[in-house]
Amino acid sequence: MDFNLTEEHRMIRDMARDFAQKEIAPIAAKLDEEALFPAETVRKMGELGFMGIEVPEEYGGVGMDTLAYVLALIEISKACASHGAIMSVNNSLVCYGLLRYGTEEQREAFLVPLASGDKLGAYSLTEPQAGSDPAEMRCSAVYNPEADEYVINGVKAWVTSGPCADYIVLFAMTDKSQGHRGISAFIVDTTLPGFSPGKVEPKLGIRASHTSELIFDNYHLSAFHRLGKEGDGFKIALSILDAGRIGIAAQSVGIAEAAYEAARDYAKERVQFGQTIASFQAIQWMLADMKTKIEASRLLTYQAAFTKDEAKATGGRYSLEASIAKLFASETAMWVATKAVQIFGGNGYSKEYPVERHFRDAKITEIYEGTSEIQRMVIARSILG
Ligand SMILES: Cc1cc2nc3c(=O)[nH]c(=O)nc-3n(C[C@H](O)[C@H](O)[C@H](O)COP(=O)(O)OP(=O)(O)OC[C@H]3O[C@@H](n4cnc5c(N)ncnc54)[C@H](O)[C@@H]3O)c2cc1C
């Protein structure tokens with residue numbers, strides 16, 4: 001096994017690091033404070049190819065592998081977790097879904113502009129009463145054979161980039177009597193009448209990533225926009241989430257690294273009892289444990305990326321590896337950020353220092369794209385059969 005990155009992998013990591021540190025890190029605190037959507041830096045991320053890293057060049061992407069995506073996403077999230085959320089949704093929940101389940105015509109129409117960063121994508125599974133259990137969804141899509149179109153009605157909840165997206169991968173019930181087998185997937189055009197984003201959520205963290213409800217009121221969508229077969233939506237949703245969870249693991253590693261590095265540097269400068277706090281064993285052990293957990297998270301994330309790339313050739317699954325990486329890396333991000341606040345003492349509780357933001361941002365990684373409890377269920381099912 002070779003743990004060295006290839007020249008190509010180092011190149012994309014360094015390019016993302018350079019861009020993130022020069023253009024995103026200096027504005028991250030202000031974006032968070034004012035909850036501003038970073039349209040300009042997201043546009044530049046598109047120009048650099050970061051919005052469709054794994055998408056083949058013929059469909060507007062840069063045609064690299066999942067490890068390349070993970071390496072870039074860690075660097076972007078380290079500078080600002082909100083940019084990480086926007087990037088991961090566009091890449092792994094939207095572009096991946098279109099690449100895997102879209103027809104050639106759908107890829108041409110939607111994937112090309114999304115992967116090149118001309119358009120922004122979102123993914124909408126959750127509803128107010130259907131979170132961990134999406135089979136409880138009520139949003140309906142009724143087929144009208146005469147017009148060869150669906151009429152969609154309902155309210156979706158908690159959609160990352162919901163108020164800013166051009167296209168949204170939507171899951172809606174086409175046959176309620178079939179339970180989760182009655183769910184179908186669509187690619188929604190947000191410019192058509194009958195669509196509006198609802199309430200924008202006031203959030204604890206990732207405040208520059210805007211999250212909203214979606215309201216569909218007699219929204220007409222031609223059958224061309226259906227992704228996969230009718231009734232395949234649940235299967236598609238879960239398979240896309242496997243890819244997404246690798247992205248959230250990478251986002252977690254980035255947040256944890258940012259919190260750890262800030263705490264390490266602070267510990268070397270802050271003096272109490274006539275010496276730097278880094279000279280106290282209690283602080284050293286915290287830093288040692290933080291570093292150890294981050295490196296373990298990084299390797300689990302790389303392993304999940306590697307397994308996904310293998311699965312492209314073999315058609316195999318990678319749900320187990322993706323859930324393990326997401327579970328461990330997200331709980332590490334929260335743990336590391338908590339310790340970072342502790343090392344900063346009172347200053348850790350202040351908005352004047354960055355670890356307060358990392359602490360708030362870390363929490364979401366344990367919740368979205370399947371909570372930690374849901375990841376443990378996926379892992380347990382996989383190991384117990
Ligand atoms: C900032 C943000 C962005 C989001 N972005 C998106 C998005 O882009 N698209 C989208 O579709 N969704 C999105 N979500 C929704 C997110 O995926 C859900 O919040 C998440 O899946 C949990 O669902 P819930 O909030 O309804 O919690 P619930 O399902 O109500 O869970 C509440 C608690 O019960 C636990 N629980 C539930 N079922 C079980 C069980 N069987 N066993 C043990 N414990 C259980 C959960 O782990 C949790 O601790 C986002 C959420 C947030 C907060």
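## A chain and its ligand

This chain's secondary structure adds up to 10 helices and 10 strands (both are DSSP runs numbered from the N terminus, with at least four residues of H or I for a helix and at least two of E for a strand). With a radius of gyration of 21 Å, close to the 21 Å from the globule rule for 385 residues, the chain is as compact as a globular protein of that length (the radius is taken over C-alpha atoms, and the rule is 2.2 Å times the number of residues to the power 0.38). What you're looking at is a predicted model, where local features need pLDDT of at least 70, side-chain atom pairs count only at pLDDT 80 or more, and totals for chains, interfaces and linings use all residues. Residues are numbered from 1 along each chain as its sequence is written, and side-chain values use heavy atoms, leaving out hydrogens and water.

**Overall size**
- Along its principal axes, the C-alpha trace spans about 80 × 45 × 45 Å.

**Who surrounds the ligand**
- There are 18 residues around the ligand, and Thr126, Ser132, Trp158, Thr371 and Glu373 come nearest (a residue is near if one of its heavy atoms lies within 4 Å).
- Strand S1 (121–124), strand S3 (149–160) and helix H10 (372–384) each chip in at least two shell residues.
- S3 gives the largest share, with 3 residues.

**Polar contacts** (pairs of N or O atoms within 3.5 Å)
- A ligand nitrogen is 2.8 Å from a backbone N or O atom of Tyr123.
- A ligand nitrogen also lies 2.7 Å from a side-chain N or O atom of Thr126.
- Over at Thr371, a side-chain N or O atom is 2.7 Å from a ligand oxygen.

Conventions. A polar contact is a pair of N or O atoms within 3.5 Å; within protein, one must be able to donate a hydrogen and the other to accept it, and residues adjacent in sequence count only if both atoms are side-chain atoms.
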